[in-house]
Amino acid sequence: MGGSSAINGVFAIRGQPADYDGWAAAGNSGWEFETILPFFRQLERDLDFANEWHGTDGPIPIRRYRGPQLTPIQKGFLESVRGSGYPWIEDLNAPGGIGLGPTPLNEVDGVRQSTSLTYLAPARTRQNLTIRAGVLVDRIVIRGDRAIGVQLAVPAETIPSDSVILTAGTYGSPAILLRSGIGPAQDLQDLGIEVKADPCRCGR
Ligand SMILES: Cc1cc2nc3c(=O)[nH]c(=O)nc-3n(C[C@H](O)[C@H](O)[C@H](O)COP(=O)(O)OP(=O)(O)OC[C@H]3O[C@@H](n4cnc5c(N)ncnc54)[C@H](O)[C@@H]3O)c2cc1C
């Protein structure tokens, strides 16, 4: 449970505003920094900063190690890089945070704050939630232009549903979409998959 957030490196570092604004300018409306800042604030409980850039009551605690909390190797690294002209930045997650400074981490007392711990654990007792492990999704079942369920590969089973939210990660989500018939039409036809939609109309 928790996907890659259960194994990742606990670096909780945002991009810079210009990164997101660049995505929006490229045609991806909704990715402007101004639009996504409230979501950054909502997900975090920053234990070091309380200001316009940070949330203080979200589910994911974020902290930075400093001074005596650093290991000798970390101290040595910081000292050596400090002499090379990078500015010292206390808050790398605030706009303009490009330089050298304490790394924001989603880790507290040596425990990685995965989405399983921070989001799923408090919701486990909900009556309308069923968590199933060991399940492999084959595809989304589509009728007309609507998702009406999920076809599992393991175990062999179809789960009907009014709505489906696909969150199978960078590799899993596109693969499930392709098996569902959503993707470049020619590629799907070559594989004998019935084309349900070719959103980018990119053919191949
Ligand atoms: C080694 C490593 C270190 C990282 N370090 C950092 C870091 O320090 N800081 C940072 O911000 N990010 C880091 N990341 C990236 C970060 O963990 C991911 O960006 C994030 O977890 C992605 O979340 P997600 O929900 O999109 O997908 P995922 O976390 O990948 O979750 C997708 C889930 O879907 C499941 N799934 C996929 N296909 C199927 C299927 N067919 N049927 C059923 N289930 C399926 C997967 O098993 C997984 O549980 C790291 C990633 C890795 C791998």
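Buried means under 20% relative accessible area, exposed means over 50%, and partly exposed covers what falls in between. Keep those cut-offs handy for the exercises below, and remember that the model you're looking at is predicted.

**Exercise 1. Sort Tyr-20, Phe-40, Trp-23 and Trp-31 into buried, exposed or partly exposed.**

Solution. Start with Tyr-20: its relative accessibility is 9%, and buried means under 20%, so Tyr-20 is buried. Next comes Phe-40, which has 19% and so still counts as buried. Trp-23 has a relative accessible area of 45%, which puts it in the partly exposed group. Trp-31, at 41%, is partly exposed too.

**Exercise 2. Work out what kind of aromatic pair Tyr-20 and Phe-40 form, and which parts of the chain the pair ties together.**

Solution. A pair of aromatic rings is described by the distance of the centres and the angle of the planes. The model has five aromatic pairs. For Tyr-20 and Phe-40, the centres are 5.8 Å apart and the planes make an angle of 65°. Ring centres have to lie within 6.5 Å to pair, and planes over 60 degrees apart count as edge-to-face. That makes Tyr-20 and Phe-40 an edge-to-face pair. Now find the two residues along the chain: Tyr-20 lies in helix 1 (residues 17–25) and Phe-40 in helix 2 (residues 33–43), so the pair ties together parts that are 20 residues apart in sequence.

Try the recipe again on Trp-23 and Trp-31: with ring centres 5.4 Å apart and planes at 75°, this pair is edge-to-face. To finish, zoom out: Tyr-20, Trp-23, Trp-31 and Phe-40 belong to one aromatic cluster, along with Phe-33 and Trp-53.

**Exercise 3. Describe how helix 1 and helix 2 pack, and list the residues that make the contact.**

Solution. First, the geometry: the axes of helix 1 and helix 2 are 9 Å apart, and the angle is about 125°. Angles of 65 to 115 degrees count as roughly perpendicular and those over 145 as roughly antiparallel, so an angle of about 125° makes helix 1 oblique to helix 2. Second, the residues: helix 1 contributes Pro-17, Tyr-20 and Asp-21, while helix 2 brings in Phe-33, Ile-36 and Phe-40. You've met some of these already, since Tyr-20, Phe-33 and Phe-40 are also members of the aromatic cluster.

**Exercise 4. Which rings do Arg-63 and Arg-82 sit over?**

Solution. Take Arg-63 first: its charged end is over the ring of Tyr-65, 4.0 Å from the ring centre. Then look at Arg-82, which lies over the face of Trp-88, 4.2 Å from the centre of that ring.

**Exercise 5. Compare the surroundings of Pro-59 and Ile-60.**

Solution. Begin with where they are. Pro-59 is in the loop between strand 1 (44–46) and strand 2 (60–64), whereas Ile-60 lies in strand 2. Next, check accessibility: Pro-59 counts as partly exposed at 27%, while Ile-60 is buried at 11%.

Then list the contacts, leaving out residues up to four places away in sequence. Pro-59 touches Gln-42, Leu-43, Arg-45, Thr-118 and Tyr-119. Ile-60 touches Leu-43, Glu-44, Arg-45, Asn-106, Gln-113, Thr-118 and Tyr-119.

Last, set sequence against space. Pro-59 and Gln-42 are 17 residues apart along the chain, with 8.1 Å between their C-alpha atoms. Ile-60 and Ile-89 are 29 residues apart in sequence, and their C-alpha atoms are 22 Å apart.

**Exercise 6. Where do Val-10, Asp-109 and Pro-155 lie, and what does the backbone do there?**

Solution. Val-10 is in the segment before helix 1. Its phi is near 60°, a positive value in a residue other than glycine, and at 13% relative accessibility Val-10 counts as buried.

Asp-109 sits in the loop between strand 4 (107–108) and strand 5 (111–112). This residue isn't a glycine either, yet its phi is positive, at about 50°. Asp-109 is exposed, with a relative accessible area of 69%.

Pro-155 is in the loop between strand 7 (146–154) and strand 8 (157–160). A cis peptide bond joins Val-154 to Pro-155, with omega at about -10°.

**Exercise 7. Place Tyr-20 and Pro-155 in their domains.**

Solution. The domain assignment gives domain 1 as 3–123 and domain 2 as 136–190. Tyr-20 falls in domain 1 and Pro-155 in domain 2. The centres of domain 1 and domain 2, taken over C-alpha atoms, are 33 Å apart.

Terms used: Residues are numbered from 1 along each chain as its sequence is written. This is a predicted model: local features need pLDDT of at least 70, side-chain atom pairs count only at pLDDT 80 or more; totals for chains, interfaces and linings use all residues. Side-chain values use heavy atoms; hydrogens and water are left out. Domain bounds come from an automatic or database domain assignment. Rings of Phe, Tyr and Trp (its six-membered ring) pair if their centres lie within 6.5 Å; planes under 30 degrees apart count as stacked, over 60 as edge-to-face and the rest as tilted. Helices (H or I, at least four residues) and strands (E, at least two) are DSSP runs, numbered from the N terminus. Buried means under 20% relative accessible area, exposed over 50%, partly exposed in between (1.4 Å probe, protein chains only). A charge sits over a ring if NZ of Lys or CZ of Arg is within 6 Å of the ring centre and within 35 degrees of the ring normal. Axes are lines fitted to C-alpha atoms, for helices over the stretch in contact, and angles run from 0 to 180 degrees between N-to-C directions. Angles under 35 degrees count as roughly parallel, over 145 as roughly antiparallel, 65 to 115 as roughly perpendicular and the rest as oblique. Contact means heavy atoms within 4.5 Å.
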